[in-house]
Amino acid sequence: MPMLLDRIEVVTLFVDDIDAAKAFYQNVFAPEVVYQDAVSAVLKFSGTIINLLDAAQAPQLVEPVQVSAPGSGARVLLTIKVDDVDAVCEELRKLGVTLLNGPIDRPWGRRTAAFADPSGHVWEVAHELR
């Protein structure tokens with residue numbers, strides 16, 4: 001039987017301030033909290049789990065690779081499909097979220113806008129242009 005590596009179940013984000021990350025994600029996304037303790041929060045996003053983990057706890061998961069330093073630049077872009085990017089951006093602004101870019105029509109046929117969480121993980125909202 002061939003090995004199937006096509007079911008992403010959990011995305012773990014290493015965060016610099018677990019309390020700020022929890023507050024941001026609860027405010028912006030309002031996910032179901034599956035589990036939380038002093039160093040993590042496991043959040044249910046439809047069919048995917050986002051695990052917020054204090055970066056100090058991360059080395060044991062990725063050794064011998066090093067955990068990137070805070071502020072070293074974007075290393076991931078997580079995209080959420082939405083019906084109307086402009087309407088979502090209006091709601092994000094009301095929540096105090098600063099957009100990094102957009103809304104903008106991309107040459108590959110999508111309208112997108114991006115924002116970052118307190119640890120610099122970049123999220124994008126997007127819809128297909130018709």
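Where is the place of H127? It is in strand β8, which covers residues 122–128. Keep that residue in mind. I will come back to it. One caution before we go on: this is a predicted model.

Let's start with the whole chain. It has 130 residues, and 34% of them count as buried. The C-alpha trace spans about 45 × 45 × 30 Å along its principal axes. The secondary structure comes to three helices and eight strands. Walk along the sequence and you read β-α-β-β-β-α-β-α-β-β-β.

Now the sheet with β1 in it. Four strands make up this open sheet. Their order is β1-β4-β3-β2, and the pairing is mixed. Which strands stand at the edges? They are β1, residues 10–15, and β2, residues 32–37. Each has a single partner strand, so one side of each is left without a neighbour in the sheet. On average, neighbouring strands here are turned by 15° against each other, direction ignored.

Look at β2 and β3. Strand β3 covers residues 40–45. The two strands run antiparallel, and five bridges join them. You can find one facing pair by eye: V33 stands opposite L43 in β3. Next, V34, which is also placed in β2. Its relative accessibility is 46%, so V34 counts as partly exposed. Compare its position with that of I50. In sequence, V34 and I50 are 16 residues apart. In space, their C-alpha atoms are 9.8 Å apart.

On to helix α1, residues 18–28. Which of its residues are buried? The list is I18, A21, K22, F24, Y25 and V28. Why do they belong together? They cover an arc of only 165° around the axis, which puts them on the same side of α1.

Both ends of this helix deserve a look. At the N-terminal end, D17 acts as the cap. One of its side-chain oxygens lies 3.1 Å from the backbone nitrogen of D19. Just after α1 comes A30, with a positive phi of about 50°. A30 has that phi although it is not a glycine. Its place is in the loop between α1 and β2. Is A30 buried or exposed? At 60% relative accessibility, A30 counts as exposed.

S46 tells a similar story. It has a positive phi of about 50°, and it is not a glycine. S46 lies in the loop between β3 and β4, where β4 is 48–54. With a relative accessible area of 71%, S46 is exposed.

Now the other sheet. This open sheet of four strands has the order β5-β8-β7-β6, again with mixed pairing. Here β5, residues 77–81, and β6 stand at the edges. Each has a single partner strand, so one side of each is left without a neighbour in the sheet. The twist averages 20° from one strand to the next.

Take the strand pairs in turn. Strand β6 covers residues 99–105, and β7 covers residues 110–116. They run antiparallel, with four bridges between them. In this pair, D105 stands opposite R111 in β7. The hairpin of β6 and β7 has four residues between the strands, and G109 takes a positive phi near 90° there. How many bridges join β7 to β8? Seven, and these strands also run antiparallel. One partnership to find: T112 bridges to A126 in β8.

That brings us back to H127. Its relative accessible area is 12%, so H127 is buried. Its side chain reaches the backbone nitrogen of V85 at 3.0 Å.

Next, two cis peptide bonds. One joins E63 and P64, with omega at about 15°. P64 lies in the loop between α2, residues 59–62, and β5. Another runs from G102 to P103, with omega near 0°. P103 is found in strand β6.

Last stop: the largest pocket. Rolling a probe the size of a water molecule over the atoms shows where empty space is left. About 480 Å³ of space lies in the largest pocket. Its lining has 22 residues. Which of them lie nearest the centre? They are F14, S68, G73, R75 and H121. Strand β1 gives the most to this lining, with three residues.

Conventions:
Residues are numbered from 1 along each chain as its sequence is written. This is a predicted model: local features need pLDDT of at least 70, side-chain atom pairs count only at pLDDT 80 or more; totals for chains, interfaces and linings use all residues. Side-chain values use heavy atoms; hydrogens and water are left out. Two strands pair if DSSP finds at least two bridges between them. Axes are lines fitted to C-alpha atoms, for helices over the stretch in contact, and angles run from 0 to 180 degrees between N-to-C directions. Buried means under 20% relative accessible area, exposed over 50%, partly exposed in between (1.4 Å probe, protein chains only). The arc is that of the directions from the helix axis to the C-beta atoms. A polar contact is a pair of N or O atoms within 3.5 Å; within protein, one must be able to donate a hydrogen and the other to accept it, and residues adjacent in sequence count only if both atoms are side-chain atoms. On a 1 Å grid over the protein atoms alone, a cavity is a set of points where a 1.4 Å probe fits but cannot get out, and a pocket is an open set with protein on both sides within 12 Å along at least five of seven lines; lining residues have an atom within 4 Å of a point. Grid points are joined across faces, edges and corners, and a volume is the space filled by probe spheres set on the points.
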